[in-house]
Amino acid sequence: MKFRSAAWFGPADRDGFIHRSWMKNQGLPDHLFDGRPVIGICNTWSELTPCNAHFRKIADHVKRGIYEAGGFPLEFPVMSLGETLMRPTTMMFRNLVSMDVEESIRANPVDGVVLLAGCDKTTPALLMGAASCDLPALMLSGGPMLNGKFRGRDIGSGTDVWKFSEDVRSGAMTMCEFMDAEACMSRSAGHCMTMGTASTMACVVEALGIGLPMNAAIPAADSRRYALAHLAGRRIVEMVREDLRMSKILTREAFENAICVVGAIGGSTNAVIHLLAIAGRMGVNLTLEDWDLLGRHVPCLVNLMPSGKYLMEDLYYAGGLPAVIRELGALIHRHALTVNGKTMGENVADAPCYNRDVIRPLGDPFKAHGGIAVLRGNLSPNGAVIKPSAATPTLMNHRGRAVVFENIDDFYARINDDSLDIDPSCVMVLKNCGPRGYPGMPEVGNMPLPPKILKQGITDMVRISDARMSGTAYGTVILHVSPEAASGGMLALVRNGDMIEVDVAARRLNLDVSETEVARRRMNWKRPQPFQRGYYQLYHEHVLQADQGADLDFLVGKSGAEIPKESH
Ligand code: FES
C-alpha cells in the first residue's frame, strides 16, 4: 500500500534526497523512510496554555504507540489557545488555528494525524482544520485536572471562581481567603475539571467517535491518560492502513450523538457554536434547530458542576463517558462508527457504572431537561441559546424591564454603582459582545450581578447578550443572540425601560416595542468602525454569526489532502 508521504520520501532523485537528508539531521535512520505510515502529532503544547502544558509528555507516549505499530511519528506545533491569558478572547483565534492545522497537515508528508487538544478552543480548532483535509485523524484530549481542594471541600475550576468573587463582593468571603483558593483550585496538570467547555468538548470528541473510549474523563495526572496516548498512537497507524478518514466517522449520526451527549452531561453552550462549525467543515448539514429538536428530550444524567456538585475525576471513577452513553440507550445511534473500528454501541455495551449519584439512570435523571434551548422572536430572529439545566426555573418564564449596557466598558463602569436603577425583576442586556462587536465573542454573557442585588441574597437574574459564557458558569443567561448588535441586530436597538419577555418553554424571546419605534431607532443606529489591518480585519470581514458556527465564511467546507506541487 502506497501512502501519501511516499510522494516526499519515496523518490530516489534530487527531491527525495532533499526531503530525507534534512530530516536525518534529527538522527532518523534510513528504515523510517521505507514507505511506512507517517503520522503527524499536532501539538498545542504551550506554557502560555497551562491546560496543555503537559502535552510534550503525552506526545512522547503517542510516539511509543506509533513506533510499536510500525509507523513513523513526526510531532509539529500549531498556535495554542490558552483560555485564561489570551485577549481579547481565544474565540477570535479559533478559526486562525484551524487554518494553521489545515495547511500544516496538507503541506507536509503526513498520512494520518493525532490531534492533541485540551483547553477549550484547541479542540474545535484542531477538529475543524483536520476535517478540511479529511485524512485519518484521531483526537486525544489532555485530560482534566484533579479535583480542586479548598478547606476540606472540593472546588471546581471556574465555577467556584464565579462563586467566590460574588462572595467577596457581597462580603461573605475575605480577600485573603480568596487568594488562598488560587493554588487549591489548580493543583495538577490538565484542563478545567468542571463540566466546562474543555470537558464538554472532550466528551464531544468521544461522542463523535473521533476519540478512543474513556478519552473524556481520565484525569491528566492519572497514568492511564498516558496509556491511552500509547493506544492512540497504535491505533492511528492502523487507521491509515484501513483508510479510515474523518468523513467516515463524522457523519450526521455522529453529530446527533454528540448533541444528545451534551444534553446528558449538562454541557457547555459553547459546544453549540463549535459543533456547527465542525459540521460545516465536514459538509454535514447541522443547524441550530437540530440542537433544540434533538436535545429537547434528553435529560441531564451527570451531576457535575456547574449544574451539579461533582467533578470530572468523579465522573472517571463512576465509569466515565461510556457509562453515560450506555445509559442513553436508544437515544444514541448505536451503529455510528468510531476510531477504534467498532461502533458506538459495541464500545459502550458493557460499560459499568460505579456511582449512581454521579451518573444518574435515564429513568431517574439528575435534571429532566439537559439540552440547549433555542429561543427565537423579534429580539433573536436567527436564534439565541440558553442552558435550562443551569438556569433558575422561575426565571425561565419572565417579563422584565431592560437595564441596558451599550458595551462591556459601559457595563464595568456602572455595575458597581449603587445608584444604578435596577431591581431583581429587571432583565440585564449587554450589547456589542458578539463575533464582530467585541471582537471575538468573549465569555462575558454571565454578567456579575450588581452588589446591591447580591446584598439582598439574590443570586440570579435574567441576562441577555450576543456574547458567549464560560461553560463553568451558571444562571438564567441567554446567549449568542443572532444577529448580533454590531451587525445591526435588534439587540442594538434595545433601550433602558423597554419590556422584554422570555418564555423558555415556548422558545420565545421578545422585545415589547412597536414596529414604528423600532424603525425610528434603526434610522439612528450607526454601524461600528471596521478594523483596518491584519487578522482582525480578515476576521471582521468574514466571520459568520453565532447561529452558523462563527467560522470564517471562506473556510466552510473542505479541500481534501491533495498533494501540493513540489517546492523547488
Ligand atoms: Fe483551559 Fe478552562 S482554562 S480548560
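**A surface arginine, a six-stranded sheet and a pocket**

In this predicted model, the side chains of Arg-151 and Asp-180 are joined by a polar contact of 3.0 Å. Arg-151 is placed in the loop that lies between strand 5 (148–150) and strand 6 (153–155), and, when residues up to four places away in sequence are not counted, Arg-151 touches Glu-177 as well as Asp-180. The relative accessibility of Arg-151 is 55%, and because the threshold for an exposed residue is over 50%, Arg-151 counts as exposed. Between the C-alpha atoms of Arg-151 and Phe-72, which are 79 residues apart along the chain, the separation is 48 Å.

Elsewhere in the chain, an open sheet is formed by six strands, arranged in the order 12-11-10-9-13-14 and paired in a mixed fashion. The edges of this sheet are taken by strand 12 (477–478) and strand 14 (508–512), each of which has a single partner strand, so that one side of each is left without a neighbour in the sheet. Within the sheet, strand 9 (residues 397–405) pairs with strand 13 (residues 499–503) in the antiparallel sense over five bridges, and Arg-399 has Glu-501 in strand 13 as its bridge partner.

Strand 13 is also joined by five bridges to strand 14, the two running antiparallel, with Arg-508 in strand 14 as the bridge partner of Asp-503. These two strands form a hairpin with four residues between the strands, and in this hairpin Arg-507 takes a positive phi near 60°. In a regular strand, side chains alternate between the two faces of the sheet. In strand 14, Leu-509 and Leu-511 make up a covered face, whereas Arg-508, Asn-510 and Asp-512 make up an uncovered one.

A further feature of the model is its second largest pocket, which holds about 470 Å³ of space. The lining of this pocket comprises 21 residues, and those that lie nearest its centre are Trp-8, His-19, Ala-107, Asn-108 and Pro-109. The elements that give two or more residues to this lining are helix 1 (6–9), helix 2 (14–23) and strand 2 (72–77), and helix 2 gives the most, with four residues. When the lining of the second largest pocket is divided by class, 14 residues are nonpolar, four are polar and three are charged.

Technical notes:
Residues are numbered from 1 along each chain as its sequence is written. This is a predicted model: local features need pLDDT of at least 70, side-chain atom pairs count only at pLDDT 80 or more; totals for chains, interfaces and linings use all residues. Side-chain values use heavy atoms; hydrogens and water are left out. On a 1 Å grid over the protein atoms alone, a cavity is a set of points where a 1.4 Å probe fits but cannot get out, and a pocket is an open set with protein on both sides within 12 Å along at least five of seven lines; lining residues have an atom within 4 Å of a point. Grid points are joined across faces, edges and corners, and a volume is the space filled by probe spheres set on the points. Ala, Val, Leu, Ile, Met, Phe, Trp, Tyr, Cys and Pro count as nonpolar, Asp, Glu, Lys and Arg as charged, and the others, Gly among them, as polar. Buried means under 20% relative accessible area, exposed over 50%, partly exposed in between (1.4 Å probe, protein chains only). Contact means heavy atoms within 4.5 Å. A polar contact is a pair of N or O atoms within 3.5 Å; within protein, one must be able to donate a hydrogen and the other to accept it, and residues adjacent in sequence count only if both atoms are side-chain atoms. Two strands pair if DSSP finds at least two bridges between them.
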